[in-house]
Amino acid sequence: MPKIIIYYSQGGKTDLVAKTLAKELNADLVRIHDLKNREGFKNRIFASINAFRETKTDVIPAKVDLKGYDTVYIGTPTWAGNPTPAILTIVDRCDLRAKDVVLFATMDANRGDSNIERLEEKVRLRGARVIESFTIATKDKSPEKLVSDTEAIIEMKDLKMY
């Protein structure tokens, strides 16, 4: 069953989780890039407000063709308890009808569950069936620990079966 992982990462932690998933699950990988500057304190405040308001943004790629994929993984950091604007934008542009979806979120603190809940609502409205989801706390974790945590989740959630 062909798999694809679509994700956004700003600081690199979600990128590391997505790359670990792709390697372990033999999945294709598409990183979404937000064209809006999200660096620096002031821009991060506005980014959190945009996430809370579910403001769309310009992204590259503008759309992801999901034909030929049975399972779609969608990953995002947690901003103000919500998915990032880049992921919300790409979800709205993808044809998710009849796709099995696995959602994942990284988070420095708590509130990743609210991120997953909101993202689940969005993908279901696009016709997807959410088959699994998970969050990974990233605060103060080394890259090696993030990789081992991701590998543990793959085993615990039996993600290789999808």
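Ala86 counts as buried because its relative accessibility is 0%; buried means under 20% relative accessible area, exposed over 50% and partly exposed in between, with a 1.4 Å probe and protein chains only. This is a predicted model, in which local features need pLDDT of at least 70 and side-chain atom pairs count only at pLDDT 80 or more, while totals for chains, interfaces and linings use all residues. Residues are numbered from 1 along each chain as its sequence is written, and side-chain values use heavy atoms, with hydrogens and water left out.

Ala86 belongs to helix α3. Helices (H or I, at least four residues) and strands (E, at least two) are DSSP runs, numbered from the N terminus. Leaving aside residues up to four places away in sequence, Ala86 touches Tyr8, Ile32, Asp34, Thr57 and Val59, where contact means heavy atoms within 4.5 Å. Helix α3 covers residues 85-93, and 7 of its 9 residues are buried. Among them are Pro85, Ile87 and Leu88.

The helix lies across β1, β2, β3 and β4, at about 140° to β1. Such angles run from 0 to 180 degrees between N-to-C directions, and the axes are lines fitted to C-alpha atoms, for helices over the stretch in contact.

These strands belong to an open sheet of 6 strands in the order β3-β2-β1-β4-β5-β6, with mixed pairing. The edges are β3 (59-60) and β6 (129-137), each with a single partner strand, so one side of each has no neighbour in the sheet. Two strands pair if DSSP finds at least two bridges between them. Strands β1 (residues 3-8) and β4 (residues 71-77) run parallel and are joined by 5 bridges; Ile5 has Tyr73 in β4 as its bridge partner. Helix α1 (residues 13-25) also packs on the sheet, where it touches β1, β2 (28-34), β4, β5 (100-107) and β6, and its direction makes about 175° with that of β1.

The loops hold some backbone features. In the loop between β3 and β4 is Pro61, joined to Ile60 by a cis peptide bond with omega of about -5°. Asn26, in the loop between α1 and β2, is not a glycine but has a positive phi of about 55°. Asn26 is exposed, with a relative accessible area of 71%. Ala98, in the loop between α3 and β5, is likewise not a glycine and has a positive phi of about 65°. At 74% relative accessibility, Ala98 is exposed.
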